[in-house]
Number of protein chains: 2
Amino acid sequence: MGNRGPTLEDVAREAGVSRATVSRVVNGVRNVAPDIQESVREAIARIGYTPNQAARSLVTRRTGTVALVLSATGRSFTARVFSDPFFGRVVDGVLPVLRRRAIQPVLLVAESEQARAQLVEYLRQGGADGALVVPLDENDPLPSMLVAAGLPTVLFGRPRDGERCGYVDLDNPAGARLAAEHLWATGRRRPATIAAPVTAPTAEERLDGFREAFAAHGVTSVPVVRGRFTVDSGRRAMARLLKDHPGIDAVFAANDLMTQGACQYLREQGVSVPGEVAVVGFDDSVAARKARPQLTTVRQPVERMAAAMATLLVEQLDGARSGTAAKVFEPVLVVREST
Amino acid sequence: MGNRGPTLEDVAREAGVSRATVSRVVNGVRNVAPDIQESVREAIARIGYTPNQAARSLVTRRTGTVALVLSATGRSFTARVFSDPFFGRVVDGVLPVLRRRAIQPVLLVAESEQARAQLVEYLRQGGADGALVVPLDENDPLPSMLVAAGLPTVLFGRPRDGERCGYVDLDNPAGARLAAEHLWATGRRRPATIAAPVTAPTAEERLDGFREAFAAHGVTSVPVVRGRFTVDSGRRAMARLLKDHPGIDAVFAANDLMTQGACQYLREQGVSVPGEVAVVGFDDSVAARKARPQLTTVRQPVERMAAAMATLLVEQLDGARSGTAAKVFEPVLVVREST
DNA sequence: TTGAAAGCGCTAACAC
DNA sequence: GTGTTAGCGCTTTCAA
């Protein structure tokens with residue numbers, strides 16, 4: 001940068017006090033006479049002083065920033081992140097918590113092996129005080145790498161066995177059961193499901209929860225097709241399902257985007273929703289309300305979960321909480337027009 | 001953090017050399033005997049040394065990071081950013097350029113007045129060596145603030161008058177003309193357009209370019225409805241257009257998402273595309289190929305533009321280029337099924 | 001080719 | 001309340 005701006009020293013000289021006093025004023029420490037505070041502030045404004053963060057971090061060992069990391073291993077990673085409202089909701093939940101404490105949020109994307117290595121290196125060199133991680137794949141090595149690097153870390157989703165870090169999570173099996181029981185109660189007996197990719201952290205939890213609930217009612221065979229969380233993949237999955245299992249009367253999909261795609265396809269094929277086939281989504285994202293018919297869906301309070309994730313990390317940084325605190329949220333079924 | 005890890009000093013002692021020598025090895029400076037390099041590297045590995053970025057920045061005045069800033073003034077900002085593939089394309093273009101030079105990319109979002117202020121403060125305190133800015137609104141104050149703060153800045157889109165910073169841009173009027181001439185050449189005489197919000201940087205350029213081209217052919221009245229870049233707003237705009245101007249035979253929309261919405265609505269109303277109404281989009285995003293019919297669209301090479309933006313900044317940081325270098329790209333018309 | 005030493009700008013004891 | 005002073009961990013002349 002070459003940003004040779006004025007320093008504390010300059011302000012001190014200008015205001016006729018010592019560096020220490022200026023530092024106290026800048027950092028809002030009490031024990032400074034009001035009139036001196038005043039003159040220091042004036043001096044700062046007059047010469048346009050800005051603290052040097054590097055110098056500050058060097059002694060405090062703090063950066064005042066927290067990283068929000070989106071990590072995945074597959075291809076077209078950014079394409080997914082920037083077309084699924086889910087991540088926007090996470091950001092929406094995290095930002096206010098951090099802003100309130102004047103912590104600078106920085107978004108980091110780890111889209112490849114190399115990127116992950118660079119990112120960990122960056123963070124352990126002091127790029128941020130802690131990390132909030134949203135892993136898109138079950139076996140993402142990043143959380144372990146971060147924990148191993150000694151960085152305070154909180155995950156969106158349950159950590160793998162042995163990873164000692166904080167997390168927030170949704171009770172996914174419970175959510176899937178909610179969907180299943182609702183379908184059962186409304187008379188559906190031949191359900192199918194559009195599941196998440198096997199690599200998604202929540203995939204099997206939702207799938208198994210759904211199956212088990214129906215199994216408990218004696219329905220043991222539930223067809224499954226995998227989607228990729230996108231509207232388009234939902235359409236394709238629905239096409240497969242309809243072709244291979246024409247008798248189904250209900251569909252449960254692992255997120256609202258796929259559910260929307262499924263509905264689109266059903267409509268185009270002249271299959272009435274919910275008349276012939278009832279449909280239940282997951283997340284309760286904006287897509288759920290924009291779809292026609294509006295989607296019955298399992299609500300995941302993403303913003304609140306993200307906010308909790310940020311709060312957990314901040315409290316850990318303040319030393320007010322252990323590094324492995326967790327918070328699990330309960331899903332709620334939102335019944336709309338698709339069932 | 002409290003990350004009291006090993007320091008240069010420790011490595012020096014371990015390897016039996018001076019701090020200066022270790023520093024040279026770490027920074028890849030020549031003039032270090034091979035055997036000494038070897039033993040220093042061993043020592044580093046043995047004690048697990050990581051350089052402290054704050055200490056380094058303090059003397060070099062460099063952070064080795066570049067910020068990619070998404071800035072907007074309106075509501076539901078994150079909802080838009082994380083559902084429009086456009087931003088993913090920008091990220092896709094920027095990342096490889098930065099990674100190649102081992103520069104850490106950090107994404108910053110400026111979603112409010114307060115956020116913008118914090119962000120500028122963060123950056124001038126040395127949060128990054130430079131900024132790549134994608135302003136979503138015409139009158140975004142952020143670029144000026146950054147330039148005023150003395151931060152090397154490159155914009156996606158032309159800067160406002162008097163802002164002395166680098167930029168990349170698309171020749172938007174030319175793109176709109178491409179669309180108009182194509183529609184004219186294929187016999188369309190009653191065009192309408194779904195424009196961007198008046199606040200969008202490119203809105204009037206695309207709108208005027210389109211109008212002027214048709215005006216040159218004697219078609220002086222072109223109905224306009226404003227959308228908000230989303231599929232849904234495209235649907236609504238199309239509904240308005242069809243209601244108020246039932247005679248139109250062509251539609252030009254300011255991005256592919258709105259175009260997709262327009263097509264959906266037309267289909268649902270039983271209006272054939274391109275039979276009765278021809279449709280042209282803008283961007284050539286993935287949406288263009290996923291829509292049915294596949295969209296004829298004005299291609300904006302977003303990834304290449306973003307890569308150029310990053311390159312411009314990096315060259316400026318290297319001192320190899322002035323701070324006001326610009327690069328303007330030419331659009332191309334991609335003819336598919338919707339015209 | 002290597003080492004000694006001087007800071008980069010700031011905070012935090014510790015005196016006064 | 002305020003000033004003095006000693007570093008934080010690193011890069012970079014300058015000598016040797």
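Let me begin with one contact: a polar side-chain atom of A:Arg61 lies 2.4 Å from a phosphate oxygen of DNA strand D. By polar contact I mean a pair of N or O atoms within 3.5 Å; within protein, one must be able to donate a hydrogen and the other to accept it, and residues adjacent in sequence count only if both atoms are side-chain atoms.

Please note that this is a predicted model, in which local features need pLDDT of at least 70 and side-chain atom pairs count only at pLDDT 80 or more, while totals for chains, interfaces and linings use all residues. Residues are numbered from 1 along each chain as its sequence is written, chains are lettered from A and ligands numbered from 1 in the order in which they are written, and side-chain values use heavy atoms, with hydrogens and water left out.

I shall stay with strand D. A base oxygen of this strand is 2.5 Å from an N or O atom in the side chain of A:Arg24, and one of its phosphate oxygens is 3.1 Å from a polar backbone atom of A:Ser18. Which elements give two or more residues to the surface near DNA strand D? They are α2 (19-26) and α4 (53-60) of chain A, together with α2 (19-26) and α4 (53-60) of chain B. Helices here are DSSP runs (H or I, at least four residues), numbered from the N terminus. The most comes from α4(B), with 5 residues. A residue is near a strand if one of its heavy atoms lies within 4 Å of it.

Now to strand C. It is surrounded by 29 residues, and among the closest are A:Leu8, B:Arg24 and B:Arg61. Of the strand C atoms that come within 4 Å of the protein, sugar and phosphate account for 65%. A polar backbone atom of A:Leu8 is 2.4 Å from a phosphate oxygen of DNA strand C, whereas a polar side-chain atom of B:Arg24 lies 2.6 Å from a base oxygen of DNA strand C. Here α4(A) provides the largest share of the surface, 5 residues.

Finally, how are the two protein chains related? A rotation of 180 degrees with 0.1 Å of shift along its axis superposes chain A on chain B, with an RMSD of 0.1 Å. The two copies are thus related as by a two-fold rotation axis. The superposition is by least squares on the C-alpha atoms of residues with pLDDT of at least 70 in both. The same surface serves both copies, since 100% of the contact residues of chain A recur in chain B; contact means heavy atoms within 4.5 Å.
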